[in-house]
Amino acid sequence: MNASTYSYQFRPEKVRSEFFRLLPISLFVVAFGAAFGLAAVQKGLEPLQAILMSFTVFAGASQFAAVDMWGSEVSLIPLIAVVFAINSRHLLMGASLYPMLREMSPGRRYGLLLFLTDANWAVSAQEYQSGKRNLEVILGGGLALWLAWIFGTWLGVYFGGLLQDPKSLGLDMVLGCFLLAMALGGNKSPRTLVAWTVAAISSLAAWKWLPPNTHVVVGALAGGAIGFFWLEKKPDDTVADGETSP
Amino acid sequence: MMIETTTAGVLALIAIITVVTLVTRFGGVFIMSFVTINPRIESFINTMASSVLIAIIVPMAFSGDAGSLAALVVTAVIMLATKKPLPAIAAGITAAGLVRYLGLTTL
């Protein structure tokens, strides 16, 4: 890697501290990995197959949806459509990190993206809003989450009965609460609040009336459109129309 | 097209799911590498980023039970009051567990 052409200073010691920073939430991810492992073997996957899936896919919601479609046969196109729809938020999450990622060599850039998931992205995106550049959390935090997800799956396939109902303990809400805390910790300018309102309304509308699993992308793009047309600070020349999709 | 869940079939399915997920992880950044970042795109990206969170959470609040709603409301209140994520999340989870333990179905 040539450090002189790519200006992002990636700090290995910070990767370590970010690993430990996301370790608490990773403990909760273990519970979800266990729930997935249990669901997967109940649907007929071999234990090692379930663990392999968590190892290579590392995207919980889509894995649950995938094993939900399991049977003696699996129809391919619906499977691909569902997995793509659920994971399409990654497209936007990755794009939002691009201003930082472009200052890294492509090899490192795409290597980092292997670890991209909701929680570590939320931390990085939120810190970027307040002017801090933190890609280390994608790697360090991502490693913690990934290992927890694999370990949890392993627990679930072999000792699934241990935690039958994570929901009764409120554990299903860990990620939701985490993401909400991240959102509310960011800056709240009038523009942001308008964008959130638009995002909330359009994601709800999409959830109600559009095909399943499209609501995140629809809401996020609608919120993003506010930012596209409403620039902060400098008074802007008005553009008649423009494409809002990236 | 159907794939049988034999050992080879399952491995193929896992490979396919992996590739589809990888496309979503790489795709946004790949597309952005053809886009010139100007203030307008930067503004779009930043607003879109925080909107992703809202678009995940709001339907979650509306589709879930009283416990999940309680979790999100309590998290929001504590977070806005204290600005500390960990107590806010812990309180939210506790609220969900408590509401479900008490068997409340509607708030």
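**Exercise 1.** Locate the transmembrane regions that UniProt lists for chain B, and describe the backbone of two of them.

*Solution.* Step 1: an unreviewed UniProt entry places the feature "transmembrane region" at residues 12-37, 49-80 and 86-103 of chain B; positions follow the numbering used here, feature names are shortened, and annotations may be inferred rather than shown by experiment. This is a predicted model, in which local features need pLDDT of at least 70, side-chain atom pairs count only at pLDDT 80 or more, and totals for chains, interfaces and linings use all residues. Residues are numbered from 1 along each chain as its sequence is written, and chains are lettered from A and ligands numbered from 1 in the order in which they are written.

Step 2: residues 49-80 of chain B are 94% helix and 0% strand, with end C-alpha atoms 20 Å apart. Helices (H or I, at least four residues) and strands (E, at least two) are DSSP runs, numbered from the N terminus.

Step 3: residues 86-103 of chain B are 89% helix and 0% strand, and their end C-alpha atoms lie 26 Å apart.

**Exercise 2.** Describe the side of chain A that touches chain B.

*Solution.* Step 1: 80 residues of chain A contact 64 residues of chain B (C-beta atoms, placed from the backbone, within 7 Å).

Step 2: helix α11 (residues 174-185) of chain A supplies the largest share of that side, 11 residues.

**Exercise 3.** Find how strand β1 of chain A joins strand β1 of chain B.

*Solution.* Step 1: the strands, residues 73-75 of chain A and 2-4 of chain B, run antiparallel and are joined by 3 bridges (pairing takes at least two DSSP bridges).

Step 2: E73(A) has E4(B) as its bridge partner.

Methods: Contact = placed C-beta atoms within 7 Å. Nonpolar A, V, L, I, M, F, W, Y, C, P; charged D, E, K, R; others polar.
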